[in-house]
Amino acid sequence: MTNTQTKRVQYDAVVVGSGAGGGMAAFQLAVNGLKVLLLEAGRNYDPLRETPMFQLPKDAPLRSEGTVDKPFGFYDATVDGGWRVPGEPYTVAEGSDFMWWRARMLGGRTNHWGRISPRMGPYDFKPRSRDGLGLDWPLTYDELESYYDKTEALIGVYAHDQSLENTPVSRHGTQLPPPKPRAFELLTKKYAAPLGIPVIPAPIAVLTRMQDADHWPAKLFPGNPLAQRVVRQSMRSRLACIYATGCGRGCSLRANFQSTTVLLPPALATGNLTIVPNAMVREVTVDQRGRATGVSYVDKASRTDRHVRARIVVLAASACETARIMLNSKSALFPNGIANTNGLVGKGLMDTVGAGIGGQIPMLENLPPHNNEGTTRLHMYVPWWQYQEQLAGKLDFARGYHVEFGGGRDMPDAGIFWGLEDYTNGAYGKRFKEEARRYYGSFVYFDGRGEMIPNDDSYCDLDPTVVDQWGIPVLRFHWKWSKHETNQASHMVKTFAQLIESMGGKVVGKLETDGTKVIAKGGQIIHEVGTVRMGDDARTSVLNAHCQAWDVKNLFVSDGAPFVSNADKNPTISILALAWRTTDHILAEMKRGNI
Amino acid sequence: MDRRHALKVLGAAAALPALAPADSAKAPDPAIQGPAWTGPAGTPSDPNLVTPRVWWPRKLLAGELVTLTALCDTIIPADSHSPSASAVGVPGYIDEWASAPYDDNRESLVKLRGGLAWLNAESERRFGRPFARLAETERHQIADDICYEPKAKSEFKGPAQFFDMIRDLTATGFYTTHEGMKDLKYIGNVPLQRFDGPPPEVLKHLGLA
């Protein structure tokens with residue numbers, strides 16, 4: 001009944017991890033006829049049966065307030081995940097502060113993510129060439145552009161239709177129309193314009209209409225009837241957004257992108273994919289020639305070790321977990337971990353710079369009642385707009401940020417009206433209820449999400465003594481922000497305060513502008529990338545320009561680990577596009593008989 | 001929300017063709033069905049999300065709940081728009097919250113219990129009766145002293161923090177109920193064919209028309 005027994009002695013490919021990178025790799029390889037084994041460290045998870053659609057906060061423990069067990073609230077899709085995974089610790093070096101998010105479940109973080117899908121732009125691939133900091137990618141925007149197009153068409157992304165500086169959109173109509181802006185978004189746009197701050201439709205992986213199942217499959221997979229068939233079926237099974245019930249819960253209508261609703265079902269439908277959940281990978285095994293032979297993993301249910309053989313191994317366990325597996329894959333040939341001859345595995349760890357503030361806007365008080373939900377994700381956002389000022393040396397940090405913002409008459413949930421006492425002189429009684437009616441929906445928040453430049457003090461390595469409950473040595477994190485990031489965080493909050501004031505509003509609480517105090521902790525924005533970077537030179541990178549290990553030619557990485565920089569653009573769409581490109585290379589190399 | 005409407009939409013989704021094998025004429029290959037699904041483990045980090053359940057026992061005593069109920073209703077009394085906090089179960093929610101097995105909640109339980117005890121002691125001192133048996137104007141005399149910490153006298157700073165915690169919790173408990181959402185005129189959680197953005201009266205209110 002199940003396909004959890006690894007009956008085949010040898011698979012064509014074993015993919016480790018089932019999120020964005022692993023889901024895409026497994027899907028692409030399976031639709032191209034390879035026999036693929038997908039290992040997932042968490043349990044099987046079925047969004048069609050498990051998504052709490054329309055459930056109300058009042059029916060959840062603590063009115064769905066976040067806890068260590070469910071950090072983003074009870075109904076958040078993530079299960080067996082968060083900043084703490086029982087039995088699977090990590091450590092943080094003295095003087096560092098870092099939080100590591102994991103989602104131990106089929107589909108990983110794609111079940112709950114923000115669906116924010118901006119493409120990296122031309123500058124983002126060549127940051128060192130522009131400002132002398134960090135490193136350049138071994139590829140250009142032009143080389144990835146067609147994969148962004150194809151990925152958008154495959155998964156469904158609504159977006160703006162005009163490119164701005166370093167903020168490209170599809171030139172081939174692969175994006176869906178954006179939803180209409182909400183009241184707070186229109187108001188923000190109006191008052192941001194005089195400040196020179198652009199507010200445009202956000203790129204979000206949510207279907208605003210059903211996908212064109214008669215058009216895209218043949219376009220995306222020419223000459224591949226199997227791929228066309230399973231993708232056509234998949235597209236027809238997905239509904240458009242119904243503009244209700246939070247996207248972070250996942251979607252049983254398949255209206256947003258989750259690996260578990262968009263990639264894994266069509267991959268399974270090929271008959272070429274076997275998924276084994278509860279499989280905690282210990283290491284990649286190698287032969288005497290230094291080729292990967294497969295992986296060994298712990299079957300969590302029986303707590304026994306298993307080994308599976310494959311012609312190629314694709315790691316997509318998340319940037320840090322992938323680095324951990326590689327560092328733990330020690331052999332006579334690779335005493336410091338597989339493909340780690342130059343010692344760079346784990347280095348280059350980056351997250352996104354985050355800082356934000358809220359504002360109370362009198363104009364939004366006593367608004368006529370109306371539905372403010374929309375897709376429950378961003379309809380509008382602010383792409384980075386100060387490239388020219390930066391070029392002219394007017395800013396005290398090197399790279400940009402975009403702005404995500406929210407507000408308005410959302411569904412009341414835990415924490416509603418916390419802090420209202422400051423606006424009402426401590427109202428209680430009937431006056432409290434009147435004040436609540438007045439202030440409901442009058443708050444907005446602005447969050448900056450900016451680029452971090454890789455530095456020598458931010459990396460992960462193996463803790464010399466600590467192991468997890470499976471006996472696998474755990475990661476130890478080292479972290480330091482540079483001035484570029486803390487100055488950027490300061491710029492964020494000052495800009496937001498200016499914007500809030502221009503809207504006639506007031507910043508919530510006391511405004512703190514010290515970047516070292518307002519910046520989020522490392523890892524807190526959950527955009528870790530860069531630990532197994534790609535490059536043009538085997539001395540300064542772990543992977544080549546196709547995400548293939550320099551030292552082990554049948555070992556590939558398809559998650560965020562290969563990233564060379566971490567532009568302010570949320571990484572998932574780039575992980576997906578890069579993974580697709582990597583599988584094209586794998587298939588071509590197999591065809592050529594090189595692997 | 002309009003649950004019937006929601007179920008209709010979900011039913012329509014369920015009627016869509018499920019992902020069949022690529023060649024559905026053949027008997028289904030077990031491989032394409034994916035691994036066995038056993039559902040949530042029912043642990044705190046993997047609870048049943050569709051049918052939620054509070055899994056810890058409540059700790060407040062009956063007498064504490066009597067005082068808490070009086071305080072909740074002092075903060076959110078019934079008016080012409082909606083019922084009182086206790087009429088929609090707010091004290092039960094606060095009990096659940098203060099009894100939760102998380103560090104912050106454990107600490108708050110101490111603050112909550114201490115605050116309730118202080119409230120009764122203060123009521124006895126001023127009026128010779130516990131808080132729940134005070135008249136509304138008497139309750140207000142105490143509440144006025146502790147309703148806003150920045151303006152409270154030094155001897156009332158601690159009780160004011162307690163009052164603020166209860167006010168925050170009472171607001172969460174109240175406004176997350178159907179009655180509370182209706183009071184605020186919240187509109188949403190209903191499936192829509194399309195999203196039209198804000199109506200003209202909203203645009204006019206904002207000077208965006």
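Two strands are taken to pair if DSSP finds at least two bridges between them. Strands (E, at least two residues) and helices (H or I, at least four) are themselves DSSP runs, numbered from the N terminus. With that in hand, a three-stranded open sheet shows up in chain A, ordered β4-β16-β15 with mixed pairing. Its edge strands are β4 (91–92) and β15 (459–467) of chain A, each pairing on one side only.

A few ground rules help here. This is a predicted model, in which local features need pLDDT of at least 70 and side-chain atom pairs count only at pLDDT 80 or more, while totals for chains, interfaces and linings use all residues. Residues are numbered from 1 along each chain as its sequence is written, and chains are lettered from A and ligands numbered from 1 in the order in which they are written.

Back to the three-stranded sheet. Five bridges hold β15(A) against strand β16 (residues 473–478) of chain A, in the antiparallel sense. Among the residues involved, Y459(A) has H478(A) in β16(A) as its bridge partner. Helix α10 (residues 319–328) of chain A lies across β15 and β16 of chain A, at about 60 degrees to β15(A). Such angles run from 0 to 180 degrees between N-to-C directions, with axes being lines fitted to C-alpha atoms, for helices over the stretch in contact. Contact, for its part, is called when the C-beta atoms of two residues, placed from the backbone, lie within 7 Å.

Chain A also has an open sheet of four strands, running β13-β14-β11-β17 with antiparallel pairing. Its edges are β13 (401–407) and β17 (506–507) of chain A; each has a single partner strand, so one side of each is left without a neighbour in the sheet. Seven bridges link the antiparallel β13(A) and β14(A), and F405(A) finds its bridge partner in F446(A) of β14(A). At the other edge, strand β11 (residues 353–360) of chain A meets β17(A) over two bridges, again antiparallel, with G359(A) bridging to V507(A). Helix α14 (residues 483–502) of chain A lies across β11, β13, β14 (443–450) and β17 of chain A, running at about 15 degrees to β11(A).

Burial is judged by counting other C-beta atoms, placed from the backbone, within 10 Å of a residue's own: 20 or more is buried, 12 or fewer is exposed, and anything in between is partly exposed. Edge strand or not, β13(A) has six of its seven residues buried, so it is largely enclosed by the rest of the structure. Helix α1 (residues 20–31) of chain A is mostly covered too, with 12 of its 12 residues buried. From first to last C-alpha, α1(A) reaches 16 Å, close to the 16 Å expected; the expected span is 1.5 Å times one less than the number of residues. Just past this helix, G33(A) adopts a positive phi of about 90 degrees.

Two non-glycine residues have positive phi as well. S64(A), at about 70 degrees, is found in the loop between α2 (47–50) and β3 (81–82) of chain A and is buried, with 24 other C-beta atoms within 10 Å. R254(A), near 60 degrees, belongs to the loop between α8 (225–236) and α9 (259–269) of chain A; this residue is buried with 25 such neighbours within 10 Å. By contrast, S296(A), in strand β9 (residues 292–299) of chain A, is partly exposed, with 15 other C-beta atoms within 10 Å. Its contacts beyond four places in sequence are R282(A), E283(A), T285(A), D305(A), R306(A) and H307(A).

A nonpolar core here means a set of buried Ala, Val, Leu, Ile, Met, Phe, Trp, Tyr and Cys residues joined through C-beta atoms within 7 Å. The largest has 168 residues, and V14(A), V16(A) and V36(A) make the most contacts inside it. V16(A), for one, touches residues including G22(A), L39(A), V281(A) and I325(A). A second, separate core of 50 residues includes L119(B), L134(B), A160(B) and Y186(B).

Finally, the two chains meet: 72 residues of chain B are in contact with 86 residues of chain A. On the chain B side, α6(B) gives the largest share, six residues. That side divides into 49 nonpolar, 12 polar and 11 charged residues, where Ala, Val, Leu, Ile, Met, Phe, Trp, Tyr, Cys and Pro count as nonpolar, Asp, Glu, Lys and Arg as charged, and the others, Gly among them, as polar.
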